[in-house]
Amino acid sequence: MAEDNSYESMLCVKPEVHVYRIPPRASNRGYRAADWKLDEPAWSGRMKITAKGKMAYIKLEDKNTGELFAQAPVEQYPGCVVEAVTDSSRYFVIRIEDGNGRHAFIGLGFADRGDSFDFNVALQDHFKWVKQEGELAKLEASQSAAPKLDLSFKEGQTIKISIGNIKKKDAGGAKPRPMAGGLLPPPPGAKAGGILPPPGGAQTVPLAQANTAPLLDFGSPVPAPQPSSDVWGDFTSAGSNSSTDAVKSGWVQFS
């Protein structure tokens, strides 16, 4: 995997740290901050942790001018470049280099316990990312070296697909659609467009033929009404009709 060594990222910044002169290690048990003169730091300033590729750098700078005081290149963590003391979580021993191949060990202390926690986590996260990138590069290399599986069809090769659970439609089982207008289909044996004959062989007379006889008979004129010789005849007939209507309608006629 190609690395861009020109890009430098910032991992952590702490505005105030202290640097101490440390005595030589007396045993293999580790360093103790109680052996340092904690009330007399040799230098105080700002600390930065930067990353460039896989490398991390602990930089100690002047808080006002930004002038570099010391620098510690870190290739892995935990390692020999950064080591925690045995009696406190706020103090570390770091190995600084001058760029000419010479190195020295100094004590680094934080005034707040949270600052030392951030310092520790920033280095852990960076090298965790470096480890993941290395594993990913190995995986890609192994995949590229493995032979590729060829699943393409060869010349003249065919494939057969069998699809089951498909029911065929029965051509004779189709139901007839109902006629338009909601009419039922004719009974069996009836001719298309015909009318059933009346039962018992009785013949029906067309209604139009029976009613047209009196309407078309113009030979016998209707006699005109003759005037009656009885003067009161009209009134008598009217009275008789009214009495008949009264009886028919249920009224009682009084004389």
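Biologist: Which residues have the most contacts inside the largest nonpolar core?

Modeller: Met 47, Ile 58, Leu 60, Val 82 and Phe 119 have the most contacts inside that core, which has 25 residues. This is a predicted model, in which local features need pLDDT of at least 70 and side-chain atom pairs count only at pLDDT 80 or more, whereas totals for chains, interfaces and linings use all residues. Residues are numbered from 1 along each chain as its sequence is written, and side-chain values use heavy atoms, with hydrogens and water left out.

Biologist: What makes a set of residues a nonpolar core?

Modeller: The members must be buried Ala, Val, Leu, Ile, Met, Phe, Trp, Tyr or Cys residues joined through side-chain atoms within 4.5 Å. Buried means under 20% relative accessible area, exposed means over 50%, and partly exposed lies in between (1.4 Å probe, protein chains only). A second, separate core of eight residues includes Tyr 20, Ile 22, Val 85 and Tyr 91.

Biologist: Which elements supply at least two residues each to the core of 25 residues?

Modeller: They are E1, E2, E3, strand E4 (68–74), E6, E7 and H1. With four residues, H1 gives the most to this core. These labels denote DSSP runs numbered from the N terminus, helices being H or I with at least four residues and strands E with at least two. The protein has seven strands and three helices, in the order β-β-β-β-β-β-β-α-α-α along the sequence.

Biologist: With which residues is Phe 119 in contact, leaving aside its neighbours within four places in sequence?

Modeller: Phe 119 is in contact with Met 47, Ile 49, Ile 58, Val 82, Phe 92, Leu 108 and Phe 110. Contact here means heavy atoms within 4.5 Å.

Biologist: How do you know that strand E6 is largely enclosed by the rest of the structure?

Modeller: Strand E6 spans residues 91–97, and five of its seven residues are buried, so the strand is largely enclosed.

Biologist: Why is E6 said to pair with E5 and with E7?

Modeller: Pairing requires that DSSP find at least two bridges between two strands. Three bridges join E5 (residues 82–84) to E6 and seven join E6 to E7 (residues 103–110), so both cases satisfy the rule. E5 and E6 run antiparallel, as do E6 and E7. Phe 92 in E6 is the bridge partner of Ala 84, while Arg 95 stands opposite Phe 105 in E7. Six residues connect E5 to E6 in a hairpin; the hairpin of E6 and E7 has five residues between the strands, and in it Gly 99 takes a positive phi near 90°.

Biologist: Why is the pair of Asp 115 and Lys 14 called a salt bridge?

Modeller: A salt bridge needs a side-chain nitrogen of Lys or Arg within 4 Å of a carboxyl oxygen of Asp or Glu. The N to O distance between Lys 14 and Asp 115 is 3.2 Å, so the pair qualifies. Asp 115 lies in helix H1 (residues 113–145) and Lys 14 in strand E1 (residues 9–20), 101 residues apart. The side chains of Lys 14 and Asp 118 also meet in a salt bridge, at 2.7 Å. Lys 14, Asp 115 and Asp 118 are thus linked in a network of salt bridges.

Biologist: Are Lys 14 and Asp 118 buried or partly exposed?

Modeller: Lys 14 has 9% relative accessibility and therefore counts as buried. Asp 118, at 33%, counts as partly exposed.

Biologist: How many salt bridges are there by this rule?

Modeller: The count comes to nine. One of these joins Lys 48 and Glu 61 at 3.5 Å, N to O. Lys 48 lies in strand E2 (residues 43–52) and Glu 61 in strand E3 (residues 55–61), so the pair ties together parts 13 residues apart in sequence. Glu 61 is at 10% relative accessibility and so counts as buried.

Biologist: Why does Phe 153 count as exposed?

Modeller: Its relative accessibility is 54%, and the threshold for exposed is over 50%, so Phe 153 is placed in that class. Phe 153 is located in the loop between H1 and helix H2 (207–216).
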